[in-house]
Each structure stands twice: as C-alpha cells, then as structure tokens.
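Below is a short set of questions and answers for a reader who is new to this structure. Please look at the sequence and the 3D view before reading on.

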Amino acid sequence: MALFTSKAVRIDQHGGPEELKLVDVRVGEPGPGEIRIRHKAVGLNYIDVYQRSGLYRLPMPLQLGMEASGVVEAVGEGLPGQPMHLKAGDRAAYASQPPGSYCEVRVMPAKCVCKLPDAISFELGAAMMLKGLTVQYLLRRTQPQGGLQAGDFVLFHAAAGGVGLIACQWARAMGLQLIGTAGSDEKCALAKAHGAAFVINYAKEDFVARVKEITGDLGVKVVYDSVGKDTFDRSLDCLRPFGLMASFGNASGPVEPFSPGILGTKGSLYVTRQTLFSHITTRENTQEMADDLFEMVTSGKVNIRIDQRFPLAEVQQAHRMLEARKTTGCTILTL
Ligand code: NDP
C-alpha cells in the first residue's frame, strides 16, 4: 500500500542529462528483508552516467542512483537465516543494487544497508559508501600474485576523482607508492596533497614513459584503470612481468576487445575486470568491508572530500559537470 509521495529522479529512456526528470513517486511499506529509508543526502557516481546514457542498459522507467545516507523509518521482517539488523531511527548509509537512491525516501533491500557510525556525518556517508567500498576491494582484495607490500608501486588513473582521492590516501596508509594520473596540473596537485607518491598529468605527458622513469624501468605491480578505452592498452605497458591489470571502469568508453596473446608478450600479465557488486553480495561481506572503510575514515587516515553539492532538482547539472571532467573528489545531491 502506498503511504507517501517522494520526489525522485527518473529517466524514461537512455540519453543525455536532459533525460533526468524530477517526478513524484509513491512509496509503500517495507516487505520481508526490506527497509524504508528517508535520505539526508545522495551520492553521485560515474556508474549513474553509464546507466543514464545506456552504456549499461537497464529496464525503463529507471530511478537512478546507487548511494545515499539517511534515517531508517520502518523495517520489514527478517528473512530466513537473515535477521533484520536495522531498526527505525537508525542512522544508515549504503551502496546498492538495484539503483534508486535519487529520491527523498525509498523502500529497498536491507542487506546492503549499514549503520552509519555517529562520528560520520550524513553527507560524508552519502559520499563515501560506493566509492570507499570500491577502494577497499581494489587495494585490499585486488592484488597481484604474492600480494602488495609497503613500498610497492601501483598506478591509479583518474586519481583526483571521487574514487581516486580516497585511493591516494588509502594507498599511503598501506605504505604503497601510488602513481596517480589526472587530466590537469591542478588535479595532479590535489592527488599529491592526498597521498599520491608521484603524479602524472596524462593530458600532456606520456604516462608510460613517466612510469618507467619513476620505477627505474621496472614497471608497477598493479594498474587500477577506470578510464578504460583511452588508457587500457598503454597501461599494460606500465606493468612489470606477472603484473595485474585491474580494469574497473569506462569513463572514456569501454575497453576494445583484445587478444590474450598480448598478455604473454608483455610479460605474462594478469587481467581482471572488477565490480563492487561481486564483492557485496552478502550482508556479512558488506559489513566487513564497511567496517574497514569506517575505521579508515574515523581514524583520519582517509578524509572524504566533498567538492560539489547540488540540490536533487539540479541533478542534470551535476551529471554535466561529472561527464565534462569538471569535478574533483566526491559530489553529493542535497535534499
Ligand atoms: P570520478 O570522480 O573519478 O570522475 C571520472 C574521472 O575520469 C574524470 O574526472 C576524469 O578525470 C576521468 N576521465 C578520463 N577520461 C574521461 C572521459 N573521456 N570522460 C570523462 N571522464 C574521464 O568518478 P567516480 O569516482 O564516480 O568513479 C571513478 C571511476 O571508477 C569511474 O570510471 C567509475 O565507473 C569507476 N567505478 C567502478 C566501480 C566498480 O566496482 N567497477 C565502482 C565505483 C566506480 P581526469 O580529468 O583527471 O582524467
């Protein structure tokens, strides 16, 4: 039964930012395994752009958004073997499938929602869950053979973005030498200030040559590449033998098909295509990763930087800025 009306942002077809429409939707009571959450802030992510544009095709109409924080208003019954871990009044935050966080209030599965520690504000909670959990699984779980040790070199593209600035700080806390790329000198300076050991402006410098110079021709153990089409091939040339290419995004477009033979000639390389949603399939995994993230933030090792705030009604402008590479750090939608 529908109880409330909520403002929400929806698309009726894939396309540009102009497809994002603010509409009224009806929200009901949570069923088994579900909660109803009233948002305080919503996180903006590059995956929202893929889902809007149609790079990732989803059924229409589609309420976008994968990340938010807020207060739990109502909870459904627990599921068999999965008691409800939240109660009305809890502060909470999440990164979730299915999409739908661009709204004031929604009903959603409880399993991906975590209690938000009191020391973390709603705005930070909304900014950090999807991006921070992504850095958690990349740096902690997406490692080359033999693992990563303090002092190791890794290359991280788009290092001044939302995911990127968290990665710079987390890598520094692990003692890694993160080489960050970014598209302007100002962005490079920001990445450096957040813990990148070295920075490369890949809009004007040859990043392969610079990585070889920085690593004394050895190459890096891992490349974390969310840029995709524009960087994938050259990133393979930055790896040392048996190095790991961790592709996790397509900001410049999807990676072109390639023959596995080139992995042999470039040094018996490993390639993986990672997505957060393979890592947070169970509540236990999600909570374990979130606890690690919360500890990094509350201890001050990782500072979540919100550089852009837009009211929910101005979401079109938020998408335009993100796609035009005009943002740094995290962006949130305010309610
Ligand atoms: P960012 O804030 O990092 O924004 C994207 C950045 O990508 C831009 O600022 C820009 O930085 C860089 N970029 C390079 N080429 C282009 C291009 N042609 N068009 C637009 N941007 C470009 O976004 P997020 O922090 O939200 O996400 C970062 C990346 O991580 C995205 O690709 C996203 O899809 C991916 N991701 C993947 C996840 C997964 O689990 N697989 C989970 C979360 C994020 P610059 O100007 O410095 O080049």
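Q: Which helices each supply at least two residues of the shell around the ligand?
A: This is a predicted model. A helix is listed here if at least two of its residues belong to the shell around the ligand. The helices that meet this condition are α1 (46-53), α2 (122-141), α3 (162-173) and α10 (315-323).

Q: Which element gives the most to the shell around the ligand?
A: Several helices supply at least two residues each, α1 and α10 among them. The one that gives the most supplies three residues, and this is α2.

Q: Why does the ligand lie between domain 1 and domain 2?
A: Domain 1 covers 4-131 + 277-334, and domain 2 covers 143-273. The ligand lies between them because residues for its shell come from both domain 1 and domain 2.

Q: Which residues come nearest to the ligand?
A: There are 28 residues around the ligand. By class, they are 13 nonpolar, eleven polar and four charged. Those that come nearest are Tyr137, Lys187, Tyr202, Leu276 and Arg325.

Q: How many Å separate a polar side-chain atom of Tyr137 from an oxygen atom of the ligand?
A: A polar contact needs a pair of N or O atoms within 3.5 Å. For Tyr137, the polar atom belongs to the side chain and its partner is an oxygen atom of the ligand. The distance between the two is 2.7 Å.

Q: What percentage of the ligand's accessible area does the protein cover?
A: Polar backbone atoms also meet the ligand: one of Gln274 is 3.0 Å from a ligand nitrogen atom, and one of Ala251 is 3.3 Å from a ligand nitrogen atom. On its own, the ligand has 900 Å² of accessible area. The ligand sits in the largest pocket. The part of its area that the protein covers is 92%.

Q: Where is Pro98 found, and is the peptide bond from Gln97 to Pro98 cis or trans?
A: Most peptide bonds are trans. Pro98 is in the loop between β6 (91-95) and β7 (105-109). With omega near -10°, the bond from Gln97 to Pro98 is cis.

Q: What is the phi of Ala158?
A: Most residues other than glycine have a negative phi. Ala158 lies in the loop between β9 (153-156) and α3. Its phi is positive, near 55°.

Notes. Residues are numbered from 1 along each chain as its sequence is written. This is a predicted model: local features need pLDDT of at least 70, side-chain atom pairs count only at pLDDT 80 or more; totals for chains, interfaces and linings use all residues. Side-chain values use heavy atoms; hydrogens and water are left out. A residue is near a molecule or strand if one of its heavy atoms lies within 4 Å of it. A polar contact is a pair of N or O atoms within 3.5 Å; within protein, one must be able to donate a hydrogen and the other to accept it, and residues adjacent in sequence count only if both atoms are side-chain atoms. Accessible areas come from the Shrake-Rupley method with a 1.4 Å probe; for residues, only the protein chains shown count as cover. On a 1 Å grid over the protein atoms alone, a cavity is a set of points where a 1.4 Å probe fits but cannot get out, and a pocket is an open set with protein on both sides within 12 Å along at least five of seven lines; lining residues have an atom within 4 Å of a point. A molecule sits in a cavity or pocket if more than half of its atoms lie within 2 Å of its grid points. Helices (H or I, at least four residues) and strands (E, at least two) are DSSP runs, numbered from the N terminus. Ala, Val, Leu, Ile, Met, Phe, Trp, Tyr, Cys and Pro count as nonpolar, Asp, Glu, Lys and Arg as charged, and the others, Gly among them, as polar. Domain bounds come from an automatic or database domain assignment.
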